[in-house]
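Visitor: I am new to this structure and would like a close look at one part of it. Please take the second pocket, and then place it among its surroundings.

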Amino acid sequence: MAERTPTKWLTIGALGLIVALGLVVRLIVGSQVPLDADESVEAITAIHILHGHFALMESNARYLGALDSYVLVPFIALFGTTVTTIRIAFAIVGAAFVGLMFVLGRVAFRRDREALLMAGIAAVFPLFPLAYGVKARAYGLLLLLEVLCLILVIRLAWPRANLPSPARGQDQNLPSPARGAGQGQNLPSPARGGGQGGGWLAFGFVAGVSFWHDILIATTLFVCVIALLARGAAIGWVNLRRGAPLSLVGAIVGFSPWLIYNAQTRLGSLRHLYTPLTTYNVPTDQAVREVLAIALPIFVGARVNYCGPSIASTTAVDLALLLLAMAVLWNRRQVLAVLVRGRFAAIEPVDIILMIGPLAVIAVTLKWFNALSCEPRYLFPLAVPLVTAFVLLLGSGWLLRGAAGALLIALLAVSVITAQRQAALIHDLLIVPGAPSVRVDLPALATRLENERPEAVWANYWLARPIEYVSDDRIVMGAYGGYVAFPEIQSQALAAPHPSWLFMPGSADIPVFEAACAKRGITYRRLEVTNGLILYADLSQRLEPADVGFPTQSVSQAN
């Protein structure tokens with residue numbers, strides 16, 4: 001009996017509901033995620049763009065693109081400078097990612113059923129990318145760009161893979177993709193392979209924009225290149241040689257903001273990249289232990305972010321993920337056997353997507369960017385192959401289907417508990433190094449500070465930037481203990497003859513500040529403002545962070 005497939009309108013309706021679910025889930029989870037300083041910088045940059053001051057690179061480290069800020073511009077113009085504005089913007093980005101996962105599922109599996117399943121799982125899983133992706137921290141857009149790159153490269157390397165019904169290969173030993181197949185025999189003629197020139201240009205442009213946006217996309221782009229080379233015989237080497245220069249042109253155009261900025265600053269992005277490269281790294285053996293014990297459980301929703309409490313056994317989670325990987329290898333065993341024999345054109349779209357998984361894990365265990373297991377944002381590219389693995393196994397035989405379904409249900413149930421626990425722990429929490437974490441009403445605090453009419457306010461970076469954003473950049477906030485980000489604003493704070501200083505209650509910086517004032521004979525008004533924060537207003541003379549001994553960037557270092 002022929003398999004019944006959903007009608008076009010039923011598929012569209014189901015996809016609409018799934019995308020809406022993805023949006024609602026992200027809005028709910030995002031409403032519990034506190035604003036931090038780094039995403040505030042992206043939002044402040046968006047305010048500057050609204051005022052005509054365009055940006056090429058993210059204002060802090062300047063080795064990432066400013067794409068998040070441009071996404072925020074219309075939302076800030078419509079809804080103002082609130083935390084909700086940021087969450088709405090990136091919940092919509094997340095919903096767009098869910099929609100693109102449907103497209104990716106369609107070109108990879110060539111069935112609407114698997115495509116809907118791909119979108120459905122991505123709408124609610126994994127928890128960490130879902131929750132962290134609603135922050136203006138580059139990673140929500142990273143997932144969207146990753147999926148878009150994969151869609152475009154699959155259309156180039158498998159020109160017929162976008163057909164709605166599954167194609168059957170001539171080799172009966174290589175069944176359909178959903179059942180662990182290779183479709184090496186189902187090759188387009190070289191004359192038709194590789195798509196049109198516009199496809200090559202589009203892929204190159206998206207790849208360039210993606211690499212400008214975040215260098216973490218390198219893993220995905222590496223896999224895309226592997227796909228094109230492996231499928232060279234199917235595409236036609238002549239077509240590949242013709243298409244590659246077009247992609248290169250598109251990539252240069254997409255990457256041009258980085259090129260322009262670094263031409264102006266003599267490779268300033270590379271200089272700024274040195275700090276995170278040397279800061280966020282630990283020995284590889286330690287990184288491996290932390291990825292297994294901390295990063296992977298947080299990523300799949302079995303542990304609260306920021307090294308919070310575990311909801312499920314770490315060992316059980318690692319074992320489950322290992323069994324998942326082994327099941328995928330078993331499912332793909334026929335394709336792997338064909339590839340081992342050198343028939344590289346037999347590789348399938350699903351294999352290319354899955355390849356990103358181990359590479360993403362390896363990337364966070366090597367020398368650089370491997371010290372953030374408590375906040376495993378560098379694992380973000382893993383989300384797409386992880387969802388794909390579940391879709392693949394749910395379309396397999398009854399044993400693998402049942403095991404994968406049970407694991408997915410268990411992880412979703414645990415994720416709900418984790419999300420609730422996480423919300424209770426971090427909702428409205430402002431985390432500033434050297435001070436107890438406090439729940440802060442940022443709009444009320446910004447209003448109180450504005451009513452004091454300070455010439456400038458100095459505060460720790462993690463306190464200063466959220467206040468600056470919610471005040472619509474009306475308060476001159478000088479920052480110490482972090483990136484300067486905005487040299488002009490920092491210069492205004494440095495020039496203020498009678499600045500104010502703001503501290504979290506119980507901050508270890510308070511006695512240091514008071515001692516520096518006493519030594520210089522500086523007087524002030526000390527008052528408690530919103531949520532117990534301490535404001536030292538109307539200093540009798542200028543006092544800079546360097547005078548107190550608080551570390552920060554210089555204005556020249558920020559340029």
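Guide: In this predicted model, the lining of the second largest pocket draws at least two residues from each of H14, H15, helix H16 (333-340), H17 and H18. H15 supplies the largest share of that lining, seven residues. The volume of the second largest pocket is about 790 Å³. It is lined by 28 residues, and those closest to its centre are Ala 325, Leu 354, Gly 357, Pro 358 and Leu 382. Sorted by class, the lining holds 23 nonpolar, two polar and three charged residues.

Some of these helices also frame the disulfide. Searching the whole structure turns up one such bond, and it joins Cys 307 to Cys 374, with an S to S distance of 1.5 Å. Cys 307 sits in the loop between helix H14 (284-299) and helix H15 (314-331), while Cys 374 sits in the loop between helix H17 (349-363) and H18; the two are 67 residues apart, so the pair links distant parts of the chain. The disulfide is left-handed, because the torsion about its S-S bond is about -70°. Cys 307 has 28% relative accessibility and therefore counts as partly exposed. Cys 374, at 31%, also counts as partly exposed. Cys 149, by contrast, is in no disulfide; the nearest cysteine sulfur belongs to Cys 224 and is 5.6 Å away. Cys 149 counts as buried, because its relative accessibility is 0%. Cys 517 is buried too, with a relative accessible area of 0%.

H18 leads on to the cavities. The structure holds five of 30 Å³ or more. The largest contains about 130 Å³ of space. Its lining has 17 residues, with Arg 26, Phe 97, Pro 129, Leu 130 and Leu 143 nearest the centre. Helix H4 (83-109), helix H6 (127-132), H7 and helix H18 (383-394) are the elements that give two or more residues to this lining. By class, the lining of the largest cavity has 13 nonpolar, three polar and one charged residues.

H6 appears again at the second largest cavity, where it gives the most to the lining, with four residues. This cavity has a volume of about 90 Å³. Among the 13 residues that line it, Phe 128, Ala 131, Tyr 132, Asn 305 and Gln 422 lie nearest its centre.

H7 takes us to the nonpolar packing. The largest nonpolar core has 154 residues, of which Leu 104, Phe 390, Ile 467 and Leu 502 touch the most other members. Helix H7 (residues 139-157) contributes the largest share of this core, 15 residues. Leaving out residues up to four places away in sequence, Leu 104 touches Met 118, Val 147, Leu 150, Ile 151, Ile 154, Ile 353 and Val 384. Another core, of 18 residues, lies apart from the largest one; Tyr 480, Ala 493, Ala 516 and Leu 543 are among its members.

Last comes the largest pocket, with a volume of about 940 Å³. Its lining has 41 residues, and Asp 38, Arg 137, Tyr 280, Arg 377 and Trp 462 are the closest to its centre. Helix H2 (37-50), helix H13 (268-279), strand E1 (429-430) and helix H21 (461-470) each supply at least two residues of that lining. The lining of the largest pocket divides into 25 nonpolar, seven polar and nine charged residues.

How values were computed:
Residues are numbered from 1 along each chain as its sequence is written. This is a predicted model: local features need pLDDT of at least 70, side-chain atom pairs count only at pLDDT 80 or more; totals for chains, interfaces and linings use all residues. Side-chain values use heavy atoms; hydrogens and water are left out. A nonpolar core is a set of buried Ala, Val, Leu, Ile, Met, Phe, Trp, Tyr and Cys residues joined through side-chain atoms within 4.5 Å. Buried means under 20% relative accessible area, exposed over 50%, partly exposed in between (1.4 Å probe, protein chains only). Contact means heavy atoms within 4.5 Å. On a 1 Å grid over the protein atoms alone, a cavity is a set of points where a 1.4 Å probe fits but cannot get out, and a pocket is an open set with protein on both sides within 12 Å along at least five of seven lines; lining residues have an atom within 4 Å of a point. Grid points are joined across faces, edges and corners, and a volume is the space filled by probe spheres set on the points. Ala, Val, Leu, Ile, Met, Phe, Trp, Tyr, Cys and Pro count as nonpolar, Asp, Glu, Lys and Arg as charged, and the others, Gly among them, as polar. A disulfide is a pair of cysteine sulfur atoms within 2.5 Å.
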